[in-house]
Amino acid sequence: MDDPDVRPLFPRPLRTRELVALDALAGLGYAFVLVVGPAGRYGPVGLALVAAMTLPLAARRRWPLPVFCVVMAASVAAMMLGVTREPLAAAAYALYPVALSTRRRRWEPTGVIGVLTAGALLFAAVGGVSAETEVRRITETAVLAALALGGAWTIGRAVRERRAYAARRAEQAAQHAVTEERLRIAREMHDVVSHTLSLIGVKAGVAAHVADRRPEEALEALRVIESTSRQALTEMRHLLGVLRTAPGAEPEGLSPVPGLAALPYVAERAASAGVRVELDLRVADGLPEVLELAVYRIVQEAVTNVVRHAAPARCRVRVDDEGGRLCVEVTDDGPGRRVLPPGPAGHGVNGHGGNGHGGNGQGVIGHGLIGMRERVTAYGGDFAAGPLPGGGFRVRALLPLRGEGM
């Protein structure tokens, strides 16, 4: 963990011109050391070679490979002419951005370079050639040059791979965030629209079914359709307002996020479609708002499935605190297909709603069950749904009171 008391050397990333200025200072500083050092008595050729070794370093970030070639050639020439005995330090400094910026090739022996560099380091550590000869001087110079160049190349390649890995991770994280956001919007859109449109569809089917023989019942169904559609528009405006609001900001002029207090309204709308809902709420006040919204959406979708596939039916909604976990359970005793009231000849009892699956329609794995499962999983909970042995269907979710999304 980073120490909050330790401040970085630079409070912000350096700009390109500032980095170029640092490289220029490094080159001038190295030239100054070579010129004023013990072996710094150079003629015109020596001064030209020193300038060629150091001054191009200022442009190493802009033209990495040409700068390295110039500095390397000048360094080798200076060593061969006896101008300096430095172990290609300037060339190693110029080689680092080459390793950092050059595209990796299949035949590139970075691993071999690393091994040879390690071997050169070991050779220098154990003493190298013991004899005081010219061979020893040449060998030591070659070893130190291999250490400098191999180390610069290996470090540059390692930094490049690390940056590429970080970029891939950032891209994957961005794609994951986009996918999660799309799923979240899809869940909210489904939860907002599914309940109201299902109720509208059911009541429209009822109205068309009984319009000829019981116009007053058809008129009542149309009133339900009108009020439900208005509520759907209100909820849609609320959802769009939330999506358009910046993160952390509070939407203005919008109704509160639905929670446990809105469940009686879900029961009331379901009752108008032939599903009697019994609410059994055994939770204390003060639940997190996001958790109440999750409970509301789960109950809303489960009841919607009963309305869509099993009405007329009785439905029981239980929300209970089970020792640190919130249990949301919705069960029904539906016949497994929608049954319409008796109508004119030519209309069977199931003419408008049979799902054709031989069981309660909640068992059909559609977007509703998938959305409920995704919502529960997002909170670190457990979800189960399936038919009951004696008939009917049950949806059960366990949500931690202090989950991942709270």
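This section describes a helix pair, a five-stranded sheet and the ring contacts of the structure. The model is predicted.

Two packed helices are described by the angle between their axes and the distance between the axes. Helix 2 spans residues 44–54, and helix 3 spans residues 64–80. Their axes lie 7 Å apart and make an angle of about 145°. The crossing of helix 2 and helix 3 is left-handed. Helix 2 contributes Leu-49, Ala-52 and Met-53 to the contact. From helix 3 come Val-70, Val-71, Ala-74, Ser-75, Ala-77 and Ala-78. Of the residues in this contact of helix 2 with helix 3, eight are nonpolar and one is polar. None is charged.

The sheet is open and has five strands. Their order is 1-2-3-5-4, with mixed pairing. Strand 1 (275–282) and strand 4 (382–387) form the edges. Each has a single partner strand, so one side of each is left without a neighbour in the sheet. From one strand to the next, the twist averages 10°. Helix 9 (residues 289–309) packs on this sheet. The helix touches strand 1, strand 2 (313–321), strand 3 (325–332) and strand 5. The direction of helix 9 makes about 10° with that of strand 3.

Strand 4 and strand 5 (residues 393–400) run antiparallel and are joined by six bridges. Asp-382 stands opposite Leu-398 of strand 5. Phe-383 has Ala-397, also in strand 5, as its bridge partner. The two strands, 4 and 5, form a hairpin, with five residues between them. The turn includes Gly-391, whose phi is positive, at about 110°.

Ring contacts were also examined. The structure holds zero aromatic pairs. A charge does sit over a ring, however: the charged end of Arg-60 lies over the ring of Tyr-93. The distance from this charged end to the centre of the Tyr-93 ring is 3.9 Å.

Definitions and conventions. Residues numbered from 1 in each chain as written. Predicted model: local features only at pLDDT ≥ 70, side-chain atom pairs only at ≥ 80, totals over all residues. Heavy atoms only, no water. Phe/Tyr/Trp six-rings, centres within 6.5 Å; stacked < 30°, edge-to-face > 60°. Lys NZ or Arg CZ within 6 Å of the ring centre and 35° of its normal. Axes fitted to C-alpha atoms, helices over the stretch in contact; angles between N-to-C directions. Left-handed = near helix turned anticlockwise from the far one by under 90°. Contact = heavy atoms within 4.5 Å. Nonpolar A, V, L, I, M, F, W, Y, C, P; charged D, E, K, R; others polar. Pairing = 2+ DSSP bridges.
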